[in-house]
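Biologist: I would like to learn how to read a few local features of a model, beginning with a loop and then moving on to helices. Could you take me through them?

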Amino acid sequence: MARTTGLPEELVTRFRGEIPTDVFARELLRGRGRVASVYDGTFTAADPDPSAARLPFDPFLKGTVPTYTTAFAAYAREWLGVRTEVPFDLLSDRVNRGWEWPRSGQPSAVDDLQAALTLQPALRVLIAHGRTDLITPYMASRWVASRLELPDGQADRVAVTVHEGGHMMYTRAPERAKLAADARALIEAALR
């Protein structure tokens, strides 16, 4: 496993082969003084604090969150006419800390998705992923989609697409166009 991942053997042994995503991103390029983003594993940055066990921020988010926050706040104000004194917070630590995780440790959408597809026979689902997203790996969604029990001939109601890039693959213009085409195809299929 150490050879496959590029991580030190001692680290792989310590975690018994189950390396947490944030540890992987922190340790993979430690020897080069860099860290990887968990939101896009191809995005790296200089390590701001090499002696720290964990990073205080994700290098990809550090650059994108202010841009998207400003853009959305302007869009809401200028185009949608939303006027408020409450600041827009793209990623709220308060909300994230308040999230109620299931007892099993990881949330699962399988049961809810199965119920929605069963109760709404016209429902179609598009699950889009970036290939280098370490937070929500696309193979996990493929696994979820494969576990759904749909009637014969209805497997096409759930599509999993994979795009170049990370969690926010739409930050890349070609992938944004492909994602838009996927969404258009989903809607057109639902209207047939």
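Biologist: Where is Arg16 found?

Modeller: Arg16 lies in the loop between helix H2 (9-14) and helix H3 (21-27), and you should keep in mind throughout that this is a predicted model.

Biologist: What should I look at in the phi of Arg16?

Modeller: Look at the sign, given that most residues other than glycine have a negative phi. Here the phi of Arg16 is near 55 degrees, a positive value in a residue that is not glycine, and Arg16 is also exposed, with a relative accessible area of 76%.

Biologist: Which residues of H7 are buried, and how do I read their spacing?

Modeller: An α-helix has 3.6 residues a turn, so residues three or four places apart point the same way. In H7, the buried residues are Tyr138, Ser141 and Val144; because they cover an arc of only 115 degrees around the axis, they sit on the same side of H7. Met139 and Ser146, on the other side of H7, are exposed.

Biologist: What covers the buried residues of H7?

Modeller: The cover includes H6, strand E3 (125-130) and strand E4 (158-163).

Biologist: At what angle do H6 and H7 pack?

Modeller: Helix H6 (residues 110-119) and helix H7 (residues 138-147) pack at about 45 degrees, with their axes 10 Å apart, which means that H6 is oblique to H7. The crossing of H6 past H7 is right-handed. Val110, Leu113 and Gln114 of H6 make the contact with Trp143, Val144 and Arg147 of H7, and by class this contact has four nonpolar residues, one polar and one charged.

Conventions: Residues are numbered from 1 along each chain as its sequence is written. This is a predicted model: local features need pLDDT of at least 70, side-chain atom pairs count only at pLDDT 80 or more; totals for chains, interfaces and linings use all residues. Side-chain values use heavy atoms; hydrogens and water are left out. Axes are lines fitted to C-alpha atoms, for helices over the stretch in contact, and angles run from 0 to 180 degrees between N-to-C directions. Helices (H or I, at least four residues) and strands (E, at least two) are DSSP runs, numbered from the N terminus. Angles under 35 degrees count as roughly parallel, over 145 as roughly antiparallel, 65 to 115 as roughly perpendicular and the rest as oblique. A crossing is left-handed if the near helix is turned anticlockwise from the far one by less than a right angle, and right-handed if clockwise. Contact means heavy atoms within 4.5 Å. Ala, Val, Leu, Ile, Met, Phe, Trp, Tyr, Cys and Pro count as nonpolar, Asp, Glu, Lys and Arg as charged, and the others, Gly among them, as polar. Buried means under 20% relative accessible area, exposed over 50%, partly exposed in between (1.4 Å probe, protein chains only). The arc is that of the directions from the helix axis to the C-beta atoms.
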